[in-house]
Amino acid sequence: PRKPDPTAVLQIAEKLGATPEETLYIGDSEVDVKTGHNAGVRTISAAWGFRTEEELKAAGAEVIIREPLELLQFV
């Protein structure tokens, strides 16, 4: 199983010239929720992906979007 890797998120952000405060991590699994939180970046969960909305909430998801266009309010 995949494991949360906040290092990779921060390395990618750095290569793009973004700070953690400017970074938005989007995912569809409990691993993504944990990865984003561990990296200290804003994290959004997509309810139409790999896990259900209930599973994402149980993993600690604070923001869950139900369709892609909802993402626009966060960028």
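**Close-ups of a predicted model**

**View 1. Helix 2 and the residues it tucks away.** Helix 2 spans residues 30-39, and its buried residues are V31, D32, V33, T35, G36 and A39. Keep in mind that everything here comes from a predicted model. What sits over those buried positions? The cover on the buried residues of helix 2 includes helix 1 (6-15) and helix 3 (53-58), along with strand 1 (24-27) and strand 2 (42-46).

**View 2. The two ends of helix 2.** Zoom in on the start of helix 2 and you'll find S29, with a side-chain oxygen within 3.3 Å of the backbone nitrogen of V31. That same V31 is on the list of buried residues in helix 2. At the other end, G40 follows helix 2, and its phi is positive, near 75°.

**View 3. Strand 1 alongside strand 2.** These two strands pair in the parallel sense, and four bridges link them. Which residue of strand 2 is the bridge partner of L24? It's R42. Strand 2 is mostly covered, with four of its five residues buried. Both strands also help cover the buried residues of helix 2.

**View 4. A nonpolar patch on the surface.** Here L69, L72 and V75 come together as a nonpolar surface patch, and their accessible area adds up to about 370 Å². To find L69, look in the segment after strand 3 (64-65). Why does L69 count as exposed? Its relative accessibility is 63%, and the cut-off for exposed is over 50%.

Definitions and conventions
Residues are numbered from 1 along each chain as its sequence is written. This is a predicted model: local features need pLDDT of at least 70, side-chain atom pairs count only at pLDDT 80 or more; totals for chains, interfaces and linings use all residues. Side-chain values use heavy atoms; hydrogens and water are left out. Buried means under 20% relative accessible area, exposed over 50%, partly exposed in between (1.4 Å probe, protein chains only). Contact means heavy atoms within 4.5 Å. A polar contact is a pair of N or O atoms within 3.5 Å; within protein, one must be able to donate a hydrogen and the other to accept it, and residues adjacent in sequence count only if both atoms are side-chain atoms. Patches are made of residues with over 30% relative accessible area and no salt bridge: like charges are joined within 9 Å, nonpolar side chains (Val, Leu, Ile, Met, Phe, Trp, Tyr) within 5 Å. Accessible areas come from the Shrake-Rupley method with a 1.4 Å probe; for residues, only the protein chains shown count as cover. A salt bridge is a side-chain nitrogen of Lys or Arg within 4 Å of a carboxyl oxygen of Asp or Glu. Two strands pair if DSSP finds at least two bridges between them.
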